[in-house]
Protein chains: 2
Amino acid sequence: MSFELAKSCPHTRARAGILTTPHGAVSTPVFAPVGTQATVKSLTPDEFFALGIGIVLANTYHLYLRPGIEVIEKLGGLHRFMGWNGPIITDSGGYQVFSLAHLCRVSDDGVLFRSHIDGSEHFLTPELCVRFQEALDADIIMALDECPPYGASFDAVKEATERTHHWAQRCQESKQRRDQALYGIVQGGVFMELRRRSATGLTTLGFEGYAIGGLSLGEPKEVTNAVVDETVALLPQDKPRYLMGVGSPEDLFEGVSRGVDIFDSALPTRIARNGGLFTPEGRIIIRNARFRDWDGPIDDGCDCYTCRNFSAAYLHHLFKCEELLAYRLATIHNLRFIMRLMEEMRKNILNGSFPSFKESFLANYEPTDEETRVAQKRKWMKGRDTKFTT
Amino acid sequence: MSFELAKSCPHTRARAGILTTPHGAVSTPVFAPVGTQATVKSLTPDEFFALGIGIVLANTYHLYLRPGIEVIEKLGGLHRFMGWNGPIITDSGGYQVFSLAHLCRVSDDGVLFRSHIDGSEHFLTPELCVRFQEALDADIIMALDECPPYGASFDAVKEATERTHHWAQRCQESKQRRDQALYGIVQGGVFMELRRRSATGLTTLGFEGYAIGGLSLGEPKEVTNAVVDETVALLPQDKPRYLMGVGSPEDLFEGVSRGVDIFDSALPTRIARNGGLFTPEGRIIIRNARFRDWDGPIDDGCDCYTCRNFSAAYLHHLFKCEELLAYRLATIHNLRFIMRLMEEMRKNILNGSFPSFKESFLANYEPTDEETRVAQKRKWMKGRDTKFTT
């Protein structure tokens, strides 16, 4: 496991690197699609390759509940189970326990929760969290964190941040495998003082990578950006930085500009299944009547399977009929859009032209307006079901 | 357009042939997967090729309602619209109008119905039926037929059969394109006298192929087989015969044995989406707990993408989680199973070993018991929704 920086942008904090894992090397900055339940919804691993996906995220919480860690272990680990031999990150399950499960009790020892599926009771500790992720056999594993919701008080976030620190240390101590990289997760909500304490604390413990958690939870974008700025400045230069839950084109630019190397988010795949498709001009809604007889592809400049083979009219038809192929073709397009974007960002960092690339992309791209974005985010976080969201 | 017989089985009526269409040749006997709404649910045309699919069926009724015939015509026809350059059959819409739409009035002129989607009123005539199918640009098109339900009285079926005959003649007279083959559909329900009249009447008119409609509607299998026997005997040797709505392994054997060349059915794809998977021993239910940690593929001898790459345990997991990939991997397996079965039937007809092949397959294969089969069929016909059935 290693991380090597290839080039840094002289005008921003953007950087290009190579992350080496037991299942192959990944060029950074990189976006990891979300494969919650050991599947990136609707796609096969063959398609991951075709899309240029370098690394995939899977959810320990979901896999623990279904099919159960012991099933995946017995079947030879997550790579073999899902048929993907490339790099995998598993998250700690902390985020899901605190946002999706029915929370029962948090103590310094661990967290008692009820499954969102069948209400069964479970107790998760930092030691179990590491043991599960070792059994799942991911390349990168995450320390257990406590992730308070946006809007939590200073005192509540302070307590969660301190607990996250102690849990990270216990994860480190209980880790047995040497062929997996353990990343610590910086918490601290929107409170700079807590973020600083968390970042310096974890850096002192020393991890193989550092994630920034507890963002993209409905807070304004300026707050996200300020927290990332503040946090990244305190993290070591030579370790990968991973911003959790970020995946829109405009947000990826902000993160990369601030020195983030790894991102994950369900956004590109989730909006795809709802008919929201990325184009260089912004998101389109494919169900819109104007696409009913649109002969061209969704995006003329796109090299994805969907754009090379099908008209926007065909996609419109599939969505109107709620055909299964709709979700798949849309997912292919959105992921390829993001993959190409990350590839181009990297190329421009290497060429020294990242700032002008960013400027020209954002000049064409109309982001979803802030009000809609926040409303969608809150609606999603409230009404999640595991079939069409995660 | 041509049909050439390559070999006939000396012991049964089974025959192997080559059906040539403007979009390529098809080896018969052949099974046509159902692509109701211009998509074989969850699959891309690339996968049709990989599965060995020779010809696909699409539904005029559904495409007329959504996206509308004029949209597909404007976009260059069905092949281009759905990205499949191989042979296509479109059905007449008759079956759907009489089973899925809200029927208003049938007269000799045509049929008035309300859409099952939005209740809008439409009038379909034999002439419009041909015009729509000419615009859709399929290789094989079907004459408009009236398809009474199983259990209809002799008089009702008699009237429908006579009407079907006159409509077939009008379809023939209104047909303009010479690069599409028009097939007539034999009706007559379970009444041998009506079947004979229908078959000889259509044969006298002379079509490029003959379908047997109005079967597989819930009647006992012995009745289906007897009607097929009686009908096929009256159809010309040198034209293809198409048994509509048949798609289980055991029924395909019965049809092929009786001299049928073409089949279509939603069964293999529909049961796949419900977790019913073909194996040489019979159908398995993948949600069954015994597959929870089953390390091997669904079917050891299967060469499909699903069996080559994934354990039964992974499919079990995907189905339990209602993941989109479940429906796709299951569809791939079931269609490949049927494609291989048809390929093997053909090979054995050519080798003169069809009867022993049939015997050895059926000795291993436990069909779904008759009671369950009929119950499932009726339940499906009653509760159809267009998303997971048709």
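**Exercise 1. Aromatic pairs**

Count the aromatic pairs over all chains of this predicted model, then classify the pair formed by Tyr61(A) and Phe113(A).

*Solution.* Let's start with the total: the count over all chains comes to 34 aromatic pairs. Now for the chosen pair. A pair of aromatic rings is described by the distance of the centres and the angle of the planes. For Tyr61(A) and Phe113(A), the ring centres are 5.7 Å apart and the planes meet at 50°. Centres within 6.5 Å make a pair, and planes under 30 degrees apart would be stacked, while over 60 would be edge-to-face. The angle of 50° fits neither of these classes, so the pair is tilted.

Next, place the two residues along the chain. Tyr61(A) sits in helix H2 (residues 60-65) of chain A, and Phe113(A) belongs to strand S8 (residues 111-114) of chain A. The pair therefore ties together parts that are 52 residues apart in sequence. As a last step, check the surroundings: both Tyr61(A) and Phe113(A) are buried.

**Exercise 2. A pair in chain B**

Work out which kind of pair Phe49(B) and Trp84(B) form, and decide for Phe49(B) and for Trp84(B) whether the residue is buried or exposed.

*Solution.* Geometry comes first: the centres of Phe49(B) and Trp84(B) lie 5.0 Å apart with 50° between the planes, a tilted pair. Phe49(B) is found in helix H1 (residues 45-51) of chain B, whereas Trp84(B) lies in the loop between helix H4 (78-82) and strand S6 (88-91) of chain B. The pair thus ties together parts that are 35 residues apart in sequence.

Then comes accessibility. Phe49(B) has 56% relative accessibility, so Phe49(B) counts as exposed. Trp84(B) has 1%, so Trp84(B) counts as buried.

**Exercise 3. Strand S12 and its partners**

Describe how strand S12 (residues 209-212) of chain B is set among its neighbours.

*Solution.* Begin with the side chains. Gly209(B) and Ala211(B) point one way from S12(B), Tyr210(B) and Ile212(B) point the other way, and all are buried.

On to strand S11 (residues 181-186) of chain B, which runs parallel to S12(B) and is joined to it by four bridges. Here Tyr183(B) stands opposite Gly209(B). The chain gets from S11(B) to S12(B) through helix H8 (residues 192-205) of chain B, in a right-handed β-α-β crossover.

Finally, S12(B) pairs with strand S13 (residues 241-244) of chain B in the parallel sense over three bridges. Ala211(B) stands opposite Tyr242(B) in S13(B). Helix H9 (residues 221-232) of chain B carries the chain from S12(B) to S13(B), and this β-α-β crossover is right-handed.

How values were computed
Residues numbered from 1 in each chain as written. Chains lettered and ligands numbered in written order. Predicted model: local features only at pLDDT ≥ 70, side-chain atom pairs only at ≥ 80, totals over all residues. Heavy atoms only, no water. Phe/Tyr/Trp six-rings, centres within 6.5 Å; stacked < 30°, edge-to-face > 60°. Helix = DSSP H or I, 4+ residues; strand = E, 2+ residues; numbered from the N terminus. Buried < 20%, exposed > 50% of the residue type's maximum accessible area, 1.4 Å probe, protein only. Pairing = 2+ DSSP bridges. Right-handed = clockwise from strand over helix to strand, strands pointing away.
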